[in-house]
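Colleague: I have a model on screen and would like to learn how to read its metal site. Can we go through it step by step?

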Amino acid sequence: MNVTFKLLGTGAGPGVPAFYCRCVACQEALDNPRCARTRSGALVTVGQETILIDASPDLRSQLIRERVESIDYVFLTHWHYDHFGGLGDLEFYVRLKRFEPLKLYLPSQAVDSFNKAFPFLADVFELKPWCFGQVYNFNGLKLTPLPAAHGVETAGIFLQNNKKLAYFTDTADLPVSTAEKIEASDYFICDATFYGENWYPQSHMSLWEAIALGKKVKARNIVLTHLSMHYSRPVTAAQLQQELRAYDNVSLSFDGMEFKI
Ligand SMILES: [Zn+2]
Ligand SMILES: [Zn+2]
């Protein structure tokens, strides 16, 4: 079965540019939309079926940009606004086109929060709390939520088809059991929120920490995502590309980046 994994968004919470900021990174993205980053999420296509991983507040514009016309499942990695804020964008797709509830896999600790935040979506989604370590099979694609280190209950998504891809959008250094399971993945797509000092070492990584972790888990290719570009030290994409030339298996993500697995 052909499986593709596409990054819908690759930015941290504020997005790039942030509307309130004119640092070099935000200015670069204003001047060149290819450097802009919507909030993080991904779309997995398995044959005719699609699995949306996270519903960022930019979801509608992401789905339009990528010409996505249907979604079969939604999988939330964790309950933070930059990952669930776009759930409401799916309401009219379900009511006016799909006519049956969408299965929403979410952290069990997020069920109450969902019900409080979105009472008007009660009949739009069928809630399915996911379990760490359980292998979910989608037409032969194995999808396993594995524990990440992010404060709230958070999964990284481990995909196994012809190739192995580990997507850890929000995490600090990985728990040992997780690191062992994803060892020697073909693609390790990893939280690299900070360029300068890491303000949140318990829940995010700097670019350099992400690269070190990728080497530790023997990833064949390390892809940096959830980039703030402008928290403790602003940096342009052009400058980062330049610095990453020193590594032969590390690349910077961009919105719309696709992986065939
Ligand atoms: Zn988060
Ligand atoms: Zn996030």
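Colleague: Why is the arrangement of the donor atoms around the zinc ion (ligand 2) irregular?

Modeller: First, the ground rules. This is a predicted model, where local features need pLDDT of at least 70, side-chain atom pairs count only at pLDDT 80 or more, and totals for chains, interfaces and linings use all residues. Residues are numbered from 1 along each chain as its sequence is written, chains are lettered from A and ligands numbered from 1 in the order in which they are written, and side-chain values use heavy atoms, with hydrogens and water left out. Now the geometry. Four donors count as tetrahedral if all angles lie between 85 and 135 degrees, and as square planar if opposite donors are over 155 degrees apart and all others between 65 and 115; anything else is irregular. Here the 4 donor atoms subtend angles of 92 to 162°, so the arrangement is irregular.

Colleague: Which residues coordinate the zinc ion (ligand 2)?

Modeller: Donors are N, O and S atoms within 2.8 Å of the metal (3.2 Å for Na, K and Ca); water is not among the atoms, so sites may look incomplete. Asp 82 (OD), His 83 (NE2), Asp 170 (OD) and His 226 (NE2) coordinate this ion at 2.1 to 2.2 Å. Their spacing along the chain is D-H-x86-D-x55-H.

Colleague: How far apart are the zinc ion (ligand 2) and the zinc ion (ligand 1)?

Modeller: They are 3.5 Å apart, and Asp 170 coordinates both.

Colleague: Is Asp 82 buried or exposed?

Modeller: Buried means under 20% relative accessible area, exposed over 50%, partly exposed in between (1.4 Å probe, protein chains only). Asp 82 has 11% relative accessibility, so Asp 82 counts as buried. His 226 is buried too, at 2%.

Methods
Four donors count as tetrahedral if all angles lie between 85 and 135 degrees; four count as square planar and six as octahedral if opposite donors are over 155 degrees apart and all others between 65 and 115; anything else is irregular.
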